[in-house]
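Here are my notes from a pass through this one, as numbered points. Keep the viewer open while you read.

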Amino acid sequence: MKVADKVRSPCVNVCALDENDICIGCQRSGDEILRWTTMTNDERREVLLKVAEREKKVSI
């Protein structure tokens, strides 16, 4: 697999965890951030789906 084929991190370089252990920049949990580099692309896509759900709740 080429590097270009990897699912990219949603990181926006605004790194701060809120009281629920969710990054206010990328909406990933602390655990998801730590494990990102060892995740498969399928696992990363699952995280991105969770991120999208979290973003919907934040934008309300």
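1. A word on terms before anything else: two residues are in contact when they have heavy atoms within 4.5 Å of each other. With that in hand, take Val 7. Leaving aside residues up to four places away in sequence, Val 7 touches Trp 36, Asn 41, Arg 44, Arg 45 and Leu 48. Bear in mind that what you are looking at is a predicted model.

2. The overall picture. The protein chain has 60 residues, and 28% of them are buried. Its secondary structure comes to 2 helices and 0 strands. The C-alpha trace spans about 35 × 20 × 15 Å along its principal axes. As for contacts between residues at least 6 apart in sequence, 37% join residues at least 24 apart. The chain exposes about 4600 Å², with carbon and sulfur atoms supplying 55% of that area.

3. Helix H2 takes in residues 41-58, which makes 18 residues. From first C-alpha to last it reaches 25 Å, close to the 26 Å expected at 1.5 Å a residue.

4. Which residues of H2 are buried? They are Asn 41, Arg 44, Val 47 and Val 51. Looking down the axis of H2, these buried residues fall within an arc of 110 degrees, so they line one face of the helix. Part of their cover comes from helix H1 (30-35). Two of the buried H2 residues, Asn 41 and Arg 44, also turn up among the contacts of Val 7.

5. Now turn H2 around. On the other side, Asp 42, Leu 49, Lys 56 and Lys 57 are exposed. Asp 42 has a relative accessible area of 53%, and for Lys 56 the value is 52%. The cut-off for exposed is over 50%, so both get the label.

6. The nonpolar core. The largest one has 5 residues: Val 7, Trp 36, Met 39, Val 47 and Val 51. Val 47 and Val 51 are on the list of buried H2 residues as well, and Trp 36 is among the residues that Val 7 touches. As background, nonpolar side chains in soluble globular proteins tend to be buried together.

7. How many salt bridges does a search of the whole structure find? The search finds 4. In general, side chains of opposite charge can pair when their charged atoms come close. I go through some of the pairs below.

8. In helix H1, the side chains of Asp 31 and Arg 35 meet in a salt bridge, at 2.9 Å from N to O. These residues are 4 apart in H1, so about one helical turn separates them. Asp 31 counts as partly exposed at 43% relative accessibility, and Arg 35 does too at 36%.

9. In helix H2, Arg 45 and Asp 42 form a salt bridge through their side chains, with 3.0 Å from N to O. They sit 3 residues apart, about one turn of the helix. Arg 45 is partly exposed, with 42% relative accessibility, whereas Asp 42 is exposed. Arg 45 is also one of the residues that Val 7 touches.

10. Further along H2, Glu 53 forms a salt bridge with Lys 56, and their closest N and O atoms are 3.3 Å apart. Here too the spacing is 3 residues, about one turn of the helix. Glu 53 counts as partly exposed at 43% relative accessibility, while Lys 56 is exposed.

Notes:
Residues are numbered from 1 along each chain as its sequence is written. This is a predicted model: local features need pLDDT of at least 70, side-chain atom pairs count only at pLDDT 80 or more; totals for chains, interfaces and linings use all residues. Side-chain values use heavy atoms; hydrogens and water are left out. The expected span of a helix is 1.5 Å times one less than its number of residues. Buried means under 20% relative accessible area, exposed over 50%, partly exposed in between (1.4 Å probe, protein chains only). The arc is that of the directions from the helix axis to the C-beta atoms. A nonpolar core is a set of buried Ala, Val, Leu, Ile, Met, Phe, Trp, Tyr and Cys residues joined through side-chain atoms within 4.5 Å. Accessible areas come from the Shrake-Rupley method with a 1.4 Å probe; for residues, only the protein chains shown count as cover.
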